[in-house]
Amino acid sequence: MSSTMNPTAAPEIATAFAQQHFPGARSEHAPWLRDEMLAMLDHWFDWRRCRFQSPGDAVGSVATGDGHERLSERLAVLREALTEETPTFTPRYIAHMKSDLSLPAILGWFAAMLHNPNNTSREASRVGSVIETEAVAHLATMLGYDPGQAQGHFTSGGTVANFEAMWRARYRLDHWLAMALHLSETRGERLDPFAAAHMGWDRFRDLWRAHGVTETALKQASAMASNPLDVGRRISRASGIDYLGPVVIAPGNRHYSWNKGVNLFGLGAEALWSVRLDARGRMDLEDFERLVFQARDQGRPVLMTVGVAGTTEMSAVDPIDGLFDRLDEWERQHGWRIWRHADAAYGGFFRALLDGASETALRPDVSTALRALPRADSITIDPHKLGYIPYACGAFLTSDAQSYAVSAFDAPYLHRPELGAGKWASTLEGSRSAAGAAATWLTAETLGLGPDGLGAVLAGTIEARRALEEAVMRAVPQARFLPADANIACFTLAEDGERLSVSNARTGAVFAYFQESPAFAVSRTTLGRDCAALKTAHLAGYDGVDDSEELSVIRLVVMSPYWCDPVMRDEMATLFVAEMASALQAVETASVKD
Ligand SMILES: *Cc1c(COP(=O)(O)O)cnc(C)c1O
């Protein structure tokens with residue numbers, strides 16, 4: 001959709017936010033940032049001095065300024081070595097989900113790091129854990145959860161946040177199935193593992209009370225509290241089917257953390273069922289339905305369903321609204337309470353665009369899908385991606401305390417007084433830094449996580465992606481862009497009517513040229529079998545001939561805040577088009593020589 005059809009927020013607003021809240025592509029804010037950094041150190045020094053008043057003179061006996069020669073020298077070596085790091089802050093870096101850090105992120109991170117709280121418990125983090133709670137509330141508000149009800153914590157990243165969701169989903173499934181297995185064995189009724197595993201807490205509590213079930217009895221029927229193989233055998237016996245365990249239903253565009261998750265949680269690779277993708281690379285809801293009924297027919301519980309908001313490869317947003325509509329309908333019709341997780345590691349921040357002028361940067365169907373996010377039981381979001389926060393900063397949120405409850409040791413359905421004392425029992429990770437939470441907090445309190453703030457910046461990046469696409473398409477007729485939902489563009493380089501294997505080779509060669517050139521950093525990805533519909537639609541656009549399983553694309557992640565500025569954007573687009581022309585020429589020359 002072109003920007004002329006869809007007038008958007010004034011670019012000068014996005015530009016102003018980007019200029020004010022980021023260091024500047026040429027370090028324009030260096031003097032101010034230096035002053036703030038020094039003020040922060042001075043504040044920390046003063047705090048230390050007044051907090052430790054030594055009775056003796058122990059500190060004074062250290063000769064200040066001496067003995068640091070080696071440290072200074074090695075630090076200089078380290079500093080110098082780091083200049084070889086990829087300069088991801090520049091607007092020329094459009095390769096991966098990484099860009100410049102924001103000023104509030106740098107300062108918030110630094111401020112907390114100096115005090116080094118450990119958010120594993122209130123005791124080890126009197127202030128850090130409070131900041132975390134407030135930062136979670138800011139994220140919850142942006143995601144559409146009620147911040148008074150929502151729960152969550154910061155993780156090292158999206159991968160662990162996804163594991164947190166799996167852990168909670170399994171916790172429920174295990175309890176519900178254990179209850180049904182216990183009752184089936186003691187009352188001699190046939191077990192329906194699919195229905196049982198989705199009974200929900202209300203039914204669970206009713207059964208608990210009605211049958212006077214004890215915790216000991218429940219533990220003996222729990223795969224987690226006793227032995228999973230033994231419990232599996234007993235489920236087979238009680239149900240009369242060959243019980244194969246639960247499945248996770250996730251779209252083919254999912255992040256590889258889900259493959260790690262089924263491995264780690266011991267489900268086996270087979271238990272990760274892929275939903276086919278449609279011609280835009282989003283979850284196909286018909287196929288999703290088919291898989292749920294296939295699971296039911298095989299007596300295999302659905303541990304969880306995953307919808308992706310902002311896929312890692314293309315920033316595609318699954319039809320989360322339609323997905324949750326179906327789950328709602330089955331819950332009403334059949335009482336199936338299936339855990340719904342939204343993997344919004346990348347795209348969760350696009351909710352900052354909603355309900356303001358910047359929303360027009362989003363396709364209407366993407367807005368609708370993002371509006372459905374708060375209907376999820378749990379959400380993964382990565383502030384270290386579109387929050388412009390330093391690593392390692394992910395977050396896991398649930399809609400309320402009941403969905404948050406989990407434990408490796410206790411019964412969750414009993415109340416959890418220890419939650420007030422810290423999160424150690426309900427996080428997969430042990431020691432956790434407060435720095436990412438503080439960076440997120442300061443970002444939310446200054447730039448803001450709404451349309452007048454981060455939303456305007458992200459709208460600017462989506463506009464920039466459109467402008468870049470248009471510039472490339474005008475100048476490079478072979479450039480064929482895939483559909484895009486947000487600020488990631490993927491394209492191939494193909495002649496009309498060409499065989500896919502030939503265009504794949506050209507796209508690969510142009511990528512190789514970019515890798516050798518300092519002009520722009522881009523990335524490449526290969527779309528495989530899950531993307532068959534996408535591939536077919538793509539080839540139809542230029543009568544391409546399908547002779548390969550895979551579609552090789554060049555991928556541009558246009559998330560740099562500096563691309564918000566139309567002057568910078570046009571300058572970068574012009575340079576990029578020139579680089580493309582050189583690359584194509586070099587590739588054609590090389591192939592003539594071959
Ligand atoms: C990046 C990403 C993840 C994993 O996040 P990490 O922070 O790299 O662990 C998970 N899901 C999606 C959709 C992602 O884009």
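A polar contact is a pair of N or O atoms within 3.5 Å. The exercises below apply this cut-off and others to a predicted model.

**Exercise 1. Find which side chains make polar contacts with oxygen atoms of the ligand, starting from Thr312, Asp382 and His384.**

Step 1. In Thr312, a polar side-chain atom is 3.0 Å from a ligand oxygen. This distance falls within 3.5 Å, the limit for a polar contact.

Step 2. The side chain of Asp382 has an N or O atom 2.7 Å from an oxygen of the ligand.

Step 3. For His384, the distance from a polar side-chain atom to a ligand oxygen is 2.8 Å. The protein covers 87% of the 380 Å² of accessible area that the ligand has on its own.

**Exercise 2. Describe the shell around the ligand by residue, class and helix.**

Step 1. The ligand has 15 residues around it, and those that come nearest are Thr159, Asp343, Asp382, His384 and Lys385.

Step 2. Sorted by class, the shell holds nine polar, three charged and three nonpolar residues.

Step 3. Helix α6, residues 158–187, gives the most to this shell: three residues.

**Exercise 3. Decide how many disulfides the model has, and explain why Cys490 forms no such bond.**

Step 1. A disulfide is a covalent bond between the sulfur atoms of two cysteines. The cut-off for the pair of sulfur atoms is 2.5 Å.

Step 2. The closest cysteine sulfur to that of Cys490 belongs to Cys531, 9.7 Å away, so the pair is too far apart for a bond.

Step 3. The count is zero disulfides.

Step 4. As for accessibility, Cys490 is buried at 2% relative accessible area, and Cys564 is buried at 1%.

Methods. Residues are numbered from 1 along each chain as its sequence is written. This is a predicted model: local features need pLDDT of at least 70, side-chain atom pairs count only at pLDDT 80 or more; totals for chains, interfaces and linings use all residues. Side-chain values use heavy atoms; hydrogens and water are left out. A residue is near a molecule or strand if one of its heavy atoms lies within 4 Å of it. A polar contact is a pair of N or O atoms within 3.5 Å; within protein, one must be able to donate a hydrogen and the other to accept it, and residues adjacent in sequence count only if both atoms are side-chain atoms. Accessible areas come from the Shrake-Rupley method with a 1.4 Å probe; for residues, only the protein chains shown count as cover. Helices (H or I, at least four residues) and strands (E, at least two) are DSSP runs, numbered from the N terminus. Ala, Val, Leu, Ile, Met, Phe, Trp, Tyr, Cys and Pro count as nonpolar, Asp, Glu, Lys and Arg as charged, and the others, Gly among them, as polar. Buried means under 20% relative accessible area, exposed over 50%, partly exposed in between (1.4 Å probe, protein chains only).
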